[in-house]
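The exercises below concern one protein chain and its ligand. Work through each task before reading the solution that follows.

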Amino acid sequence: MSNVNKSLVVYYSASGNTKTAASKIGQIIQADVVAIQPATPYPEAYADLAAVGKKEIDDQILPNLAPLPFNLKAYQTIYVGFPIWWDQPPMLVARFLQEKDLVDQQLVVFATSYSSTIEQSLQMVKTWTENSEIKILGGFLANSNQEIMTGLAALKK
Ligand SMILES: Cc1cc2nc3c(=O)[nH]c(=O)nc-3n(C[C@H](O)[C@H](O)[C@H](O)COP(=O)(O)O)c2cc1C
């Protein structure tokens, strides 16, 4: 069981902040780091991106993901990171959490934001995973190295 303690950092990032955080976390915990994307890419311009993201939340649309280039079953702990949009994760995170290979892993949640705290987003991830065996070890904002270090140190063992 060589994979038993393996971790994977999975993130979505529109403008790069969460990508930076994911890379940093991957370095610290020595884990593979991979991006998830919607199958139909989100628009780049802020106003267009905001319109699509808001509509997904309002209408509870879970966008399809581009194929995942990794096997989630091979990892025990998945770190899932995203930008906070309207005080919650983008809906493609909900889609990711429905992946059939994500069954009884441990989950760590991290996010970047202007000002929102992690609480509402963490609660949303809990709701999205409540019918699974997924165990959430904790969640933290990852806007700075300091927040990342503090957040990692506070995780349940
Ligand atoms: C559509 C949209 C909605 C956002 N909503 C919030 C929000 O509710 N609260 C907040 O603090 N920041 C919000 N932000 C800011 C982002 O969370 C923040 O810039 C984040 O670091 C972006 O990460 P990224 O560069 O990985 O995409 C929003 C940004 C966008 C594009």
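**Exercise 1. Chain architecture**

In what order do the elements of the protein chain run from the N terminus on? Use the predicted model shown above.

Solution. Start by counting the elements: the protein chain holds five helices and five strands. Next, read them off from the N terminus, which gives β-α-β-α-β-α-β-α-β-α. Then turn to the overall dimensions. The radius of gyration is 15 Å, close to the 15 Å that the globule rule gives for 157 residues, so the protein chain is as compact as a globular protein of that length. Finally, take the extent along the principal axes: the C-alpha trace spans about 45 × 35 × 25 Å.

**Exercise 2. The shell around the ligand**

Describe where the ligand sits and what surrounds it.

Solution. First, locate the ligand: it sits in the largest pocket. Second, list its neighbours. There are 19 residues around the ligand, and those that come nearest are Ser13, Ser15, Thr18, Thr112 and Ser116. Third, sort the shell by residue class, which yields nine nonpolar residues, nine polar ones and one that is charged. Fourth, assign shell residues to elements. Both α1 (17–29) and α2 (46–58) supply at least two residues, and α2, with three, accounts for the largest share.

**Exercise 3. Backbone contacts and cover**

How far from an oxygen atom of the ligand does a backbone N or O atom of Ile84 lie? Repeat the step for Asp87 and Tyr114, then state how much of the ligand is covered.

Solution. Apply a cut-off of 3.5 Å between N or O atoms for a polar contact. For a backbone N or O atom of Ile84, the distance to a ligand oxygen atom is 2.7 Å. The corresponding distance is 2.9 Å for Asp87 and 3.0 Å for Tyr114. As for cover, the ligand on its own has 650 Å² of accessible area, of which the protein covers 90%.

Key: Residues are numbered from 1 along each chain as its sequence is written. This is a predicted model: local features need pLDDT of at least 70, side-chain atom pairs count only at pLDDT 80 or more; totals for chains, interfaces and linings use all residues. Side-chain values use heavy atoms; hydrogens and water are left out. A residue is near a molecule or strand if one of its heavy atoms lies within 4 Å of it. A polar contact is a pair of N or O atoms within 3.5 Å; within protein, one must be able to donate a hydrogen and the other to accept it, and residues adjacent in sequence count only if both atoms are side-chain atoms. Accessible areas come from the Shrake-Rupley method with a 1.4 Å probe; for residues, only the protein chains shown count as cover. On a 1 Å grid over the protein atoms alone, a cavity is a set of points where a 1.4 Å probe fits but cannot get out, and a pocket is an open set with protein on both sides within 12 Å along at least five of seven lines; lining residues have an atom within 4 Å of a point. A molecule sits in a cavity or pocket if more than half of its atoms lie within 2 Å of its grid points. Helices (H or I, at least four residues) and strands (E, at least two) are DSSP runs, numbered from the N terminus. Ala, Val, Leu, Ile, Met, Phe, Trp, Tyr, Cys and Pro count as nonpolar, Asp, Glu, Lys and Arg as charged, and the others, Gly among them, as polar. The radius of gyration is taken over C-alpha atoms; the globule rule is 2.2 Å times the number of residues to the power 0.38.
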